[in-house]
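Me: I'd love a close look at one part of this model. Could you pick out a short helix and walk me through its surroundings, then step back to the chains around it?

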Amino acid sequence: MTVMSATPGTAPPFETIVSDYGPLISRIASSYEADPSLREDLTQQIFLAVWQALPSWRAESSLKTFIARVAQNRSISFVTKQVRQGPVAELPDRIEADAPNPEEQAMQINEREMLMEATRRLPLPQRQVIILVLEGFTYPEISEMLEIAPNALALRLSRAKAALKTMLEGGE
Amino acid sequence: MSDFDLDRLGDVWRQQPDPAEMERLQKSAAAVARRARLAQVTDIVVALAVAGVVIFLVASNPKPGTVLIGSAAILVLLFSNIRLRKVRRIELEQLTGGTEEMLDQSIARVETTLRHIRFSVIGFPVAAVLGALFGYASQGRRILDAAQDWPLRSLLMPLGIVVIVGVMVFAVRAVRRGRKELERLRAMREAYRRERESSNS
């Protein structure tokens with residue numbers, strides 16, 4: 001059974017959700033917590049939160065939207081509870097996209113790490129927006145999820161994009 | 001990364017984890033679900049067991065006093081269960097609601113918790129002193145004589161002091177943690193407020 005074949009409004013089994021949305025949950029946890037052991041803890045807390053919240057899902061929003069919202073909210077409450085701030089890894093050196101690199105996969109991993117690290121440095125309101133855009137949510141979905149008007153979303157996104165660009169291109 | 005294209009970055013972002021990582025995630029989630037189901041069952045079993053023991057004790061000694069104490073115990077159990085469910089419902093609403101609303105509610109919750117802890121820090125030693133004074137007022141010298149006797153002097157008093165110090169240390173640490181959490185929550189709330197204001201201007 002996949003999430004798509006589940007009856008509308010009826011949540012699929014938790015195992016199916018983990019198969020389909022586990023990577024999404026893991027990425028959201030990574031974008032809030034840099035420390036690997038704390039990230040593992042956060043990922044487990046998100047799984048628990050999804051497990052607990054699942055019976056309240058009523059298909060007013062897509063399951064993916066619902067899970068992303070729960071994951072973001074749990075991540076925010078998790079980072080506020082940390083007694084010490086998680087270590088912020090140094091941003092790797094700038095990657096020149098045009099530079100020839102024989103190890104394509106290694107470069108992609110490095111690029112992903114850089115993107116993740118840069119995202120973690122964004123202010124929370126901008127971080128939320130950029131994560132949802134990178135996860136492939138549509139603008140109306142993001143507007144609804146964050147409860148902000150489309151023009152406010154556009155403005156927040158353009159700021160987030162500018163900040164991300166500065167960080168990724170070595171400006172900061 | 002000279003071409004700043006969010007679609008391309010999205011592809012980089014959404015790279016699927018390798019099979020080993022996926023398996024680790026599934027195992028982790030399965031363990032979480034197992035623990036959560038177990039906690040649910042334990043909640044019910046513990047509540048039923050406590051209620052059963054109370055009913056058994058009352059039934060085996062059916063006097064007005066035991067019936068009264070038993071009823072009170074059942075009421076306390078019921079009240080704590082209702083309260084626990086209410087807390088869980090609020091937590092659930094926070095998880096599935098808007099972030100700014102969640103931050104507001106979290107700020108209110110931490111402020112309330114800090115107030116309670118501060119009250120306890122002040123109230124606990126005051127209550128201990130008042131208790132001692134009340135004991136002295138009602139028992140006179142007898143309580144002082146009793147304090148000289150074993151086991152009160154050699155066991156209960158040191159134990160009492162350890163408990164009081166322990167509670168105070170715990171409370172002070174909880175206040176520190178609460179303050180830090182509150183600072184972060186307020187900073188996050190402020191970030192949202194600034195973002196909203198700049199969007200409106």
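Reply: Happy to; here is a walk from one helix out to its partners.

Bear in mind that this is a predicted model. The part to look at is helix H6 of chain A, residues 139–146, whose buried residues are Ile142(A), Met145(A) and Leu146(A). Looking down the axis of H6(A), you will find these buried residues within an arc of 85°, so they line one face of the helix.

What does that face meet? The buried residues of H6(A) pack against three helices of chain A, namely H3 (63–81), H5 (124–134) and H7 (150–168), and also against helix H4 (99–139) of chain B. Just past the end of H6(A), have a look at Glu147(A), where phi is positive, at about 55°.

The packing against chain B leads us to the interface. Here 50 residues of chain A are in contact with 39 residues of chain B. On the chain A side, the elements that give two or more residues are helix H1 (14–32), helix H2 (36–53), H3, helix H4 (104–121), H5 and H7. H3(A) gives the largest share, nine residues. By class, the chain A side that touches chain B divides into 23 nonpolar, 14 polar and 13 charged residues.

H3(A) also matters for the next step, the contact between domains within chain A. The domain assignment splits chain A into domain 1 (1–87) and domain 2 (104–172). Eleven residues of domain 1 are in contact with 13 residues of domain 2. In chain A, the elements that give two or more residues to the domain 1 side of this contact are H1 and H3, and the largest share, five residues, comes from H3(A). That domain 1 side has five nonpolar, five polar and one charged residues.

Finally, the partner chain. Chain B has six helices and zero strands. The radius of gyration of chain B is 27 Å, well over the 17 Å that the globule rule gives for 201 residues, so chain B is more spread out than a compact globule. Along its principal axes, the C-alpha atoms of chain B fill a box of roughly 85 × 45 × 35 Å. Of the 201 residues in chain B, 8% count as buried. Among the contacts in chain B with a separation of 6 or more, 67% come from residues 24 or more positions apart.

Methods:
Residues are numbered from 1 along each chain as its sequence is written. Chains are lettered from A and ligands numbered from 1 in the order in which they are written. This is a predicted model: local features need pLDDT of at least 70, side-chain atom pairs count only at pLDDT 80 or more; totals for chains, interfaces and linings use all residues. A residue is buried if 20 or more other C-beta atoms lie within 10 Å of its own, exposed if 12 or fewer, and partly exposed in between; C-beta atoms are placed from the backbone. Helices (H or I, at least four residues) and strands (E, at least two) are DSSP runs, numbered from the N terminus. The arc is that of the directions from the helix axis to the C-beta atoms. Two residues are in contact if their C-beta atoms, placed from the backbone, lie within 7 Å. Ala, Val, Leu, Ile, Met, Phe, Trp, Tyr, Cys and Pro count as nonpolar, Asp, Glu, Lys and Arg as charged, and the others, Gly among them, as polar. The radius of gyration is taken over C-alpha atoms; the globule rule is 2.2 Å times the number of residues to the power 0.38. Domain bounds come from an automatic or database domain assignment.
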